[in-house]
Amino acid sequence: MMKNIDGKAVAEKVINECRNEISVLKERGVVPGLAVVLIGDDPASKVYVGSKARKCEELGIYSLKIEMPADSTQSEVMQVVKDLNENDKVDGILVQSPPPAHIDEDAIVRAIDPAKDVDGFHPVNVAKLALEDPSGFIPCTPHGCMRLLEDAGVETSGAEAVVIGRSMIVGKPMALLLMGKSGNATVTVAHSRTKDLAAVCRRADIIVAAIGMPEFVTADMVKDGAVVIDVGINRVEDARAKRGYRLVGDVAYDEVAAKCSAITPVPGGVGPMTIAMLIKNTVIAAGRR
Ligand code: NDP
């Protein structure tokens, strides 16, 4: 029986765990705080920032939304980050990606206090992930994927896992988590230079697709009974859809679902987990005050 992994339900579970931790923190007089910095007016970024702020408010997390004009200078953004580093009410800081092209995003990420880097993108936290040092922050999307696997009862230990994509926000940390002591999987990382990707994927007990190409992973690339985690969020034109487009993942859902033992849908799979893990990291940061 194919199992559809319900990311919304697991995200709600994570959020409920956070609710409990937030009330415990409140008894200590600590209100967790998250600051989100948005530079410019990219519509998709605005949507993400808005939903992060709404979730915080709903949970009683202090939420600070800082919207900066598209022509903000590097030093203006750096100053905002510096102020947030020093703001005692703020436990987590994130700068919504991508910033306008003239902004050096790496420099901004490096300016964030690693103890407030709830995205887990600062080099200190990247190193801590590689070192399996639990005092770091794990990037939200791959952390969410691990939680989905765990909740679905998927045995990662000893499994052959193939991660497609090697970005710093998804593919690479995903591979580290799977190969580490909590995953114990045998991991292959595939990317655009991989030869015979289909054959590589067919070895996998677990496939994590983080490519950014609509319905790229097809049934012929998937072994019978494999578990498939689809990180992709792609807009494809659809005249019948209200907004003129619909969202699809990196996996051709219908044909792959017919073959695998468990799969995440898009939307409603990995997407809701990312924000849940962000809240979790913010609560962890607040707990360390
Ligand atoms: P990137 O564009 O940074 O990375 C894509 C990766 O896919 C690269 O490593 C690239 O290889 C690889 N790739 C591209 N084409 C091919 C190919 N033909 N064969 C094999 N590998 C290929 O994307 P992200 O990691 O940031 O995001 C991936 C997807 O996940 C996107 O759809 C994004 O929208 C989604 N996403 C979803 C999130 C969520 O909350 N669910 C959060 C973050 C991202 P190379 O390195 O060689 O170029």
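# A tour from helix α1 to the ligand shell

Begin by selecting Asn16, which is partly exposed because its relative accessible area is 35%, where buried means under 20%, exposed over 50% and partly exposed in between, calculated with a 1.4 Å probe and protein chains only. What you have open is a predicted model, in which local features need pLDDT of at least 70 and side-chain atom pairs count only at pLDDT 80 or more, whereas totals for chains, interfaces and linings use all residues. Residues are numbered from 1 along each chain as its sequence is written, and side-chain values use heavy atoms, with hydrogens and water left out.

Asn16 belongs to helix α1 (residues 7-27); helices (H or I, at least four residues) and strands (E, at least two) are DSSP runs, numbered from the N terminus. With Asn16 still selected, add Ile93, which lies 77 residues away along the chain, and the distance between the two C-alpha atoms will read 22 Å.

**Strand β4 and the loop after it**

Keep Ile93 and extend the selection to β4, where Gly92 and Leu94 on one side and Ile93 and Val95 on the other are all buried, so that both faces of the strand are covered. In a regular strand the side chains alternate between the two faces of the sheet. Next add strand β2 (residues 33-39), which runs parallel to β4 and is joined to it by four bridges; two strands are taken to pair if DSSP finds at least two bridges between them. Ala35 is the residue to pick out here, since it stands opposite Ile93 in β4.

Then move to Pro98, in the loop between β4 (92-95) and α4 (105-111), where the peptide bond between Ser97 and Pro98 is cis, with an omega of about -5 degrees. A cis peptide bond also joins Val266 and Pro267, with omega again about -5 degrees, and Pro267 is located in the loop between β11 (262-263) and α10.

**His143 and helix α7**

Select His143 in helix α6 (residues 140-151), a residue that counts as buried because its relative accessible area is 18%. Residues up to four places away in sequence aside, His143 touches Ile138, Leu177 and Met277, contact meaning heavy atoms within 4.5 Å.

Leu177 leads on to helix α7 (residues 171-179), in which Gly171, Pro173, Met174, Ala175, Leu177 and Leu178 are buried. If you display the surroundings of these residues, you will find them packed against α5 (123-131), α6, β5 (160-164), β6 and β7.

**Val200 and two positive phi angles**

In helix α8, select Val200, which is buried because its relative accessible area is 11%. Apart from neighbours within four places in sequence, Val200 is in contact with Val162, Thr188, Thr194 and Lys195. A C-alpha to C-alpha distance from Val200 to Met221 gives 8.2 Å, although the two are 21 residues apart in sequence.

Asp196 sits in the loop between β6 (186-190) and α8 (197-202), and its phi is positive, about 45 degrees, although the residue is not a glycine. Asp196 is exposed because its relative accessible area is 51%. Glu215, another non-glycine residue with a positive phi, near 50 degrees, lies in the loop between β7 (206-209) and β8 (227-230) and is partly exposed because its relative accessible area is 39%.

**The ligand**

Finally, centre the view on the ligand, which has 23 residues around it, of which Arg166, Ser167, Ser192, Val231 and Thr274 come nearest; a residue is near a molecule if one of its heavy atoms lies within 4 Å of it. Helix α10 (residues 270-287) supplies the largest share of this shell, three residues. By class, the shell has eleven nonpolar, ten polar and two charged residues, where Ala, Val, Leu, Ile, Met, Phe, Trp, Tyr, Cys and Pro count as nonpolar, Asp, Glu, Lys and Arg as charged, and the others, Gly among them, as polar.

Three distances are worth displaying here. A polar side-chain atom of Arg166 lies 2.7 Å from an oxygen atom of the ligand, while for Ser167 the corresponding separation between a polar side-chain atom and a ligand oxygen is 2.6 Å, and for Ser192 it is 2.5 Å. A polar contact is a pair of N or O atoms within 3.5 Å; within protein, one must be able to donate a hydrogen and the other to accept it, and residues adjacent in sequence count only if both atoms are side-chain atoms. Of the 930 Å² of accessible area that the ligand has on its own, the protein covers 70%, with areas taken from the Shrake-Rupley method and a 1.4 Å probe, and with only the protein chains shown counting as cover for residues.
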